[in-house]
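Q: Hey, I've just opened this one and could use a quick tour. Mind if I fire off some questions?

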Amino acid sequence: MSPLANSLHARDVAYQIHPYTNARRHERMGPLVIDRGEGIYVFDDEGKEYIEAMSGLWCVGVGFGEQRLVDAATRQMSKLPFYHTFTHKSHEPSIDLAEKLVKMTPDGLDHVFFTNSGSEANDTVVKFVWYYNNALNRPEKKKFIARNGGYHGITIASGSLTGLQVNQRGFDLPLSFVRHVTCPHFYRFAEEGETEEAFADRLAAELEATILAEGPETVAAFIGEPIMGAGGVIVPPRTYWEKVQAVCRRYDVLVVADEVINGFGRLGTMFACEYFGIQPDMLVVSKQLTSSYQPLAAVVMSDAIYQAVADQSERLGTFGHGFTASGHPVATAVALENLAIIEERDLVGNAGRMGAYLQEKLKAFADHPLVGEVRGVGLIAAVELVADKATRAKFDPPGKVGLYFIEHAQAHGLIMRAVQDSIAFCPPMIITEAQIDELLARFSAALADTKAWVDAGMPAA
Ligand code: PMP
């Protein structure tokens, strides 16, 4: 037996199947084992420090090592570690959090359903919308329109809404209730000579044509992330959402805003809906809701949807949907404390101020020979690396340079994420100016390594 056979690394490879990982490559490389976290930093099992420039998976808003969240969880665990919310049962933290979410989310969202994950929340959206249209005696009105490049999760329904090949290839997805329309990425999909405004008009017209081609009586809802996250931090033109909403209203198509990444301050506003002027019928939140110290997501919806669903539940005898941990007391208690921290420390204001600083500093990279586009709002951004700045040509194969960059960033003590060759930034909302400077110094070092490797013809390691 090798001396490493009992190591964390060997046991990980032997026993654990990893999400979003090439399993054979993982067998060769082994894991990076993260041992602890503090503020914007995490440390591996050898004590090496990393800036977590992605807040884990776009989620640890208040940073690592926040004792108040540990205490909130401990208090709730001692008092009532579990109780459910099925069949007329309830508990205080879930009631408090439902009320809090209704009060803090945009007007017109009045009722909350809890799930464990964003994927479950989006499956729940689909089921609510189907149930709602059955209740209204519109059994044909069931299709969803989503966007190429959108990310809504990986369960069967949410994975169908997602518009990324990697989540569908090999899985027999998407299911047939979904249509995907153009990704609102001006840099990639605008036509020659088109302004941002004209691009937004064209996308709204495409949405309208899609609804008409399908038949408005068959189209139930439009779902989108205000700013796409996992698809590469795609910021739509400023008027895109207002135009898309107008089309949806014309055909009685519900608007679903998926703020699983955007919500709770990321853009410098509490919700991205405020930033873009979206008035959704349903809002999906997760991640920064608890800073992911506990798994939790929620669907917040209009009274009109609730009323139809409530009537139908009486007709059918029950609303036959729910998870064992819907509104879990520890998760909802942690969410309440996390939201209190965000408010008391004005982390939304900090995200706005530090976001402006980050975006300004990132602009300096626009002139770098490998950088095609710098984009973002608040504390979410991406730097897209391209093979040819003038033609915007991607590297071949896409993703190879992004992967090289990520591995070298890691060597420089910086954890980031590449979406193909776009390098994403989503640091904890507690970040300071000095920490942004340090993050960007490490980013520059990794970019210099990447440039040297590209210039050398991208030799195999
Ligand atoms: N929606 C969006 C916008 C997301 O970014 C994600 C996760 N990155 C999800 C849904 C799915 O959430 P989960 O991974 O918790 O299922």
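Q: Which way do β3 and β13 run, parallel or antiparallel, and how many bridges join them?
A: They run parallel, joined by 2 bridges. Keep in mind that this is a predicted model.

Q: Which residue stands opposite Leu414 of β13 there?
A: That's Ile51. Ile51 sits in β3 and is also the bridge partner of Tyr41.

Q: And what stands opposite Tyr41 of β2 in β1?
A: Glu38 does. Strands β1 and β2 (residues 41-44) pair in the antiparallel sense over 4 bridges.

Q: How about β2 and β3, parallel or antiparallel?
A: Antiparallel, with 3 bridges joining β2 to β3 (residues 49-52). The two make a hairpin with 4 residues between the strands, and Gly47 takes a positive phi near 90° in that hairpin.

Q: What's the strand order in the whole sheet?
A: The order is β1-β2-β3-β13, an open sheet of 4 strands with mixed pairing. The edge strands, each pairing on one side only, are β1 (34-38) and β13 (414-415).

Q: Zooming out, how is the chain divided into domains?
A: Domain 1 covers 32-62 + 346-455, and domain 2 covers 68-344. Each domain puts 32 residues into the contact between them. Taken over C-alpha atoms, their centres are 27 Å apart.

Q: What area gets buried between domain 1 and domain 2?
A: About 2600 Å², with carbon and sulfur atoms giving 62% of that.

Q: How many salt bridges are there between the two domains?
A: The count is 1.

Q: Which side chain meets Arg188 in a salt bridge?
A: The side chain of Glu384, at 2.8 Å from N to O.

Q: Why can side chains like that pair up?
A: Side chains of opposite charge can pair when their charged atoms come close.

Q: How many residue pairs are in polar contact across the interface of the domains?
A: There are 17 such pairs. On the domain 1 side, α3 (55-58), α14 (347-363), β11 (371-377) and β12 (380-385) each supply at least two of the residues touching domain 2. β11 gives the most, with 5 residues.

Q: What classes of residue make up that side of domain 1?
A: The side touching domain 2 has 20 nonpolar, 6 polar and 6 charged residues.

Q: Back to salt bridges: how many does the structure hold?
A: It holds 24. One of them joins the side chains of Glu214 and Lys143, at 2.7 Å from N to O. That pair links distant parts of the chain, 71 residues apart: Glu214 is in helix α9 (residues 196-214) and Lys143 is in strand β5 (residues 143-147).

Q: New topic: is the peptide bond from Leu173 to Pro174 cis or trans?
A: It's cis, with omega near 5°. Pro174 is in the loop between α7 (156-161) and β6 (178-181).

Q: What sort of peptide bond joins Asp396 and Pro397?
A: A cis one too, with omega about -5°. Pro397 lies in the loop between β12 and α15 (400-411).

Q: One more: is phi of Thr87 positive or negative?
A: Positive, near 40°, and Thr87 is a residue other than glycine. You'll find Thr87 in the loop between α4 (67-79) and α5 (92-104).

Key: Residues are numbered from 1 along each chain as its sequence is written. This is a predicted model: local features need pLDDT of at least 70, side-chain atom pairs count only at pLDDT 80 or more; totals for chains, interfaces and linings use all residues. Side-chain values use heavy atoms; hydrogens and water are left out. Domain bounds come from an automatic or database domain assignment. Contact means heavy atoms within 4.5 Å. Buried area is the accessible area (1.4 Å probe) that two parts lose on being put together, summed over both. A salt bridge is a side-chain nitrogen of Lys or Arg within 4 Å of a carboxyl oxygen of Asp or Glu. A polar contact is a pair of N or O atoms within 3.5 Å; within protein, one must be able to donate a hydrogen and the other to accept it, and residues adjacent in sequence count only if both atoms are side-chain atoms. Ala, Val, Leu, Ile, Met, Phe, Trp, Tyr, Cys and Pro count as nonpolar, Asp, Glu, Lys and Arg as charged, and the others, Gly among them, as polar. Two strands pair if DSSP finds at least two bridges between them.
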